[in-house]
Amino acid sequence: MARDLEASQRFYGAVIGWTFRPARLGEGFSVAVLDGVPVAGIGALAADLAVPVAWTPYFAVDDADVAASRIRERSGTVAVGPVSFPSGGRAALVADLDGAVFGIWAGPVSAGWRVGKGPAPAWLELRTRNAFDAALFYGEVLEWATGRPGCCEVSYEQEQVVLRHDGDPVARLDSGPVEPGAYNPYTRPRWHVHFRVPELDAAVEAALDLGGRTVSVVTTTGTERSIALRDPDGALFTLTSGG
């Protein structure tokens, strides 16, 4: 969610190399594309919905109302929705037991959407107090690891809960020192989005030139280098290169 769609497009186009096309949801939305692959959606609705500017993962569900009921039953929070869109589909903005915000979407999904490895440019990380408890919550709410067609597999790898789709890792759930009531959003339980770039230093320089700012130092893990940033409106994200 952004305040200014055109400004967000200029920033992420320069930093990550995205191009944009209109989304079916209306004039206030666009879809970011990289190498022909849909990457993300940007909606200029932050002010209209009274929500912060932020990157939020949306998980596809068969029925948004059923999923929202499951979230409430398991002590999660339904903040907005479910609401219907004229182009079809229903969505809700929700939070898990620790307050990490995510979305649910029931409706058409482009066959080209991809996360994980291969040609995909993004992956997701949940920073939470207890990854196992979180995996149980999301598994019950979103029907992970149920064996149904199109579903995801869940495994435990290197002290993380890893979510895979068609064998590709798409999300990792990490237990760590987070503070549910922290003033700084970066230290709260949260879903964090990672965007891959071919050259990290050049992307960071472009972000700083366009009003972004760094939140962390550059970290190196194996063959990957990454750094957390905020865009000019304050939305948190991580840039990753290598791997």
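**Exercise 1. The cavity**

Determine how many cavities of 30 Å³ or more a search of the whole structure finds, and characterise the lining of the largest cavity.

*Solution.* Step 1. In this predicted model, a search of the whole structure yields one cavity of 30 Å³ or more.

Step 2. The volume of the largest cavity is about 80 Å³.

Step 3. Its lining consists of M1, A2, S8, Y12, G41, I42, V53, A54, W55, D231, D233 and A235.

Step 4. Sorted by class, the lining of the largest cavity comprises eight nonpolar, two polar and two charged residues.

Step 5. Turning to secondary structure, helix 1 and strand 3 each contribute at least two residues to this lining.

**Exercise 2. The sheet of three strands**

State the strand order and the pairing sense of the open sheet of three strands, and locate the helix that packs on it.

*Solution.* Step 1. The three strands of this open sheet are arranged in the order 1-2-3, and their pairing is antiparallel.

Step 2. Strand 1 (19-22) and strand 3 (37-43) are the edge strands, each pairing on one side only.

Step 3. On average, and with direction ignored, neighbouring strands of this sheet are turned by 35 degrees against each other.

Step 4. Six bridges join strand 2 (residues 29-34) to strand 3 in the antiparallel sense. Within this pair, V31 has G41 in strand 3 as its bridge partner.

Step 5. Helix 1 (residues 5-16) packs on the sheet and touches strand 1, strand 2 and strand 3. The direction of helix 1 makes about 5 degrees with that of strand 2.

**Exercise 3. The sheet of four strands**

Give the order of the four strands in the open sheet with mixed pairing, and explain why one side of strand 4 and of strand 5 is left without a neighbour.

*Solution.* Step 1. The order of the four strands is 4-7-6-5, with mixed pairing.

Step 2. Strand 4 (58-60) and strand 5 (77-84) are at the edges and have a single partner strand each, so one side of each has no neighbour in the sheet.

Step 3. From one strand to the next, the twist averages 20 degrees.

Step 4. Strand 5 pairs with strand 6 (residues 90-95) over five bridges in the antiparallel sense. V78 is found opposite V94 of strand 6.

Step 5. Helix 3 (residues 64-73) packs on this sheet, where it touches strand 5, strand 6 and strand 7 (101-106). Between the directions of helix 3 and strand 5 the angle is about 170 degrees.

**Exercise 4. A salt bridge between helix and strand**

Identify the salt-bridge partner of R90 and explain which parts the pair ties together.

*Solution.* Step 1. The whole structure contains eight salt bridges according to the search.

Step 2. In one of them R90 is joined to D65, with the closest N and O atoms 3.0 Å apart.

Step 3. Because R90 belongs to strand 6 and D65 to helix 3, the pair ties together parts that are 25 residues apart in sequence.

**Exercise 5. The second largest pocket**

Describe the second largest pocket by volume, lining and contributing strands.

*Solution.* Step 1. The volume of this pocket is about 570 Å³.

Step 2. Its lining has 25 residues, and W123, H194, T221, E224 and S226 lie nearest its centre.

Step 3. The lining of the second largest pocket divides into eight nonpolar, 10 polar and seven charged residues.

Step 4. Strands that each supply at least two lining residues include strand 8 (122-128), strand 12 (190-196) and strand 14 (219-221). Strand 15 gives the most, with five residues.

How values were computed: Residues numbered from 1 in each chain as written. Predicted model: local features only at pLDDT ≥ 70, side-chain atom pairs only at ≥ 80, totals over all residues. Heavy atoms only, no water. 1 Å grid on protein atoms, 1.4 Å probe; cavity = no way out; pocket = protein on both sides within 12 Å on 5 of 7 lines; lining within 4 Å. Points joined across faces, edges and corners; volume = space filled by probe spheres on them. Nonpolar A, V, L, I, M, F, W, Y, C, P; charged D, E, K, R; others polar. Pairing = 2+ DSSP bridges. Axes fitted to C-alpha atoms, helices over the stretch in contact; angles between N-to-C directions. Contact = heavy atoms within 4.5 Å. Salt bridge = Lys/Arg side-chain N within 4 Å of Asp/Glu carboxyl O.
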